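User: I'm new to this one, so could you take a close look at a single helix and the packing around it? Here is what I have in front of me.

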Amino acid sequence: MIEMMQDLLRLDSPLEMRRELGNYLGLEQPVSSAVLRRAQQDDRFALHLVMSRGSRDLVQLHLDDPRNERYAGDDDDEPHAEIVEESHDLSNLELVGGMAGAMFRWGRSGFRGLDEATAAARLETCQSCPHLVEAPDRLLYRVKMVKKSDQRVCRKCGCVAAAKVKVATERCPIGLWGPAA
Ligand code: SF4
């Protein structure tokens, strides 16, 4: 279990845990009971949720994931966070999960940068690759980290190519380019 979730276990009640997790994510209301339960039981979900902190769009994707319903219980009629009007499908969450994974690897490397020539060469490869496709819906256009003119995603890894190519630690999932030395 990740450290943030272990800290929550020190609190006295599920409602306090929901409030604390909501606060941590920058929400004005507690997360739902289902989101709390899933975060406690699913380390990958918890990691991506915690890493989404700072982006309301990314956080909301996790709150809206239909798989959260599997963790619903009798107390789920309590108020919980709802900050975006749109509903989002599973494929979006998986795409963002790929981006979060890339950021995690980048963070572990100390946010090492990449020279512009290498990033440009990587992007040129992506732009001629058949796996580079349009993002599946408008939500990805609102994600803060993606403000590039080319917002297409790699369907092999779910990342926005124009952002991914600038991360030194990243690699093409089919081996067309690799991590920087
Ligand atoms: S990362 Fe690799 S597979 Fe994905 S679009 Fe770029 S070249 Fe294609």
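Analyst: A quick definition to begin: helices (H or I, at least four residues) and strands (E, at least two) are DSSP runs, numbered from the N terminus. By that scheme, Leu58 sits in helix α5, residues 56-63, so α5 is a good place to look. Before going further, note that this is a predicted model, where local features need pLDDT of at least 70, side-chain atom pairs count only at pLDDT 80 or more, and totals for chains, interfaces and linings use all residues. Residues are numbered from 1 along each chain as its sequence is written.

Now, burial. A residue is called buried if 20 or more other C-beta atoms lie within 10 Å of its own, exposed if 12 or fewer, and partly exposed in between, with C-beta atoms placed from the backbone. Leu58 counts as buried because it has 25 C-beta neighbours inside 10 Å. The rest of α5 is much in that spirit: 7 of its 8 residues are buried, so the helix is mostly covered. Those buried residues are Asp57, Leu58, Val59, Gln60, Leu61, His62 and Leu63. Leu58 also has His48 10 residues away in sequence, with 9.1 Å between their C-alpha atoms.

Helix α3 (residues 33-41) makes a handy companion. It is largely enclosed by the rest of the structure, because 7 of its 9 residues are buried. They are Ser33, Ala34, Val35, Leu36, Arg37, Arg38 and Ala39.

Some of these names come back in the largest nonpolar core, a core being a set of buried Ala, Val, Leu, Ile, Met, Phe, Trp, Tyr and Cys residues joined through C-beta atoms within 7 Å. This one has 16 residues, and Leu21, Val31, Val35, Leu36 and Ala39 touch the most other members. The elements giving two or more residues to it are α2 (14-24), α3, α4 (43-51) and α5. Apart from this core lies another, of 9 residues, including Cys126, Val160, Ala162 and Ala163.

To put α5 in its setting, the protein chain has 8 helices and 2 strands, running α-α-α-α-α-α-α-β-β-α along the sequence. Of its 181 residues, 33% count as buried.
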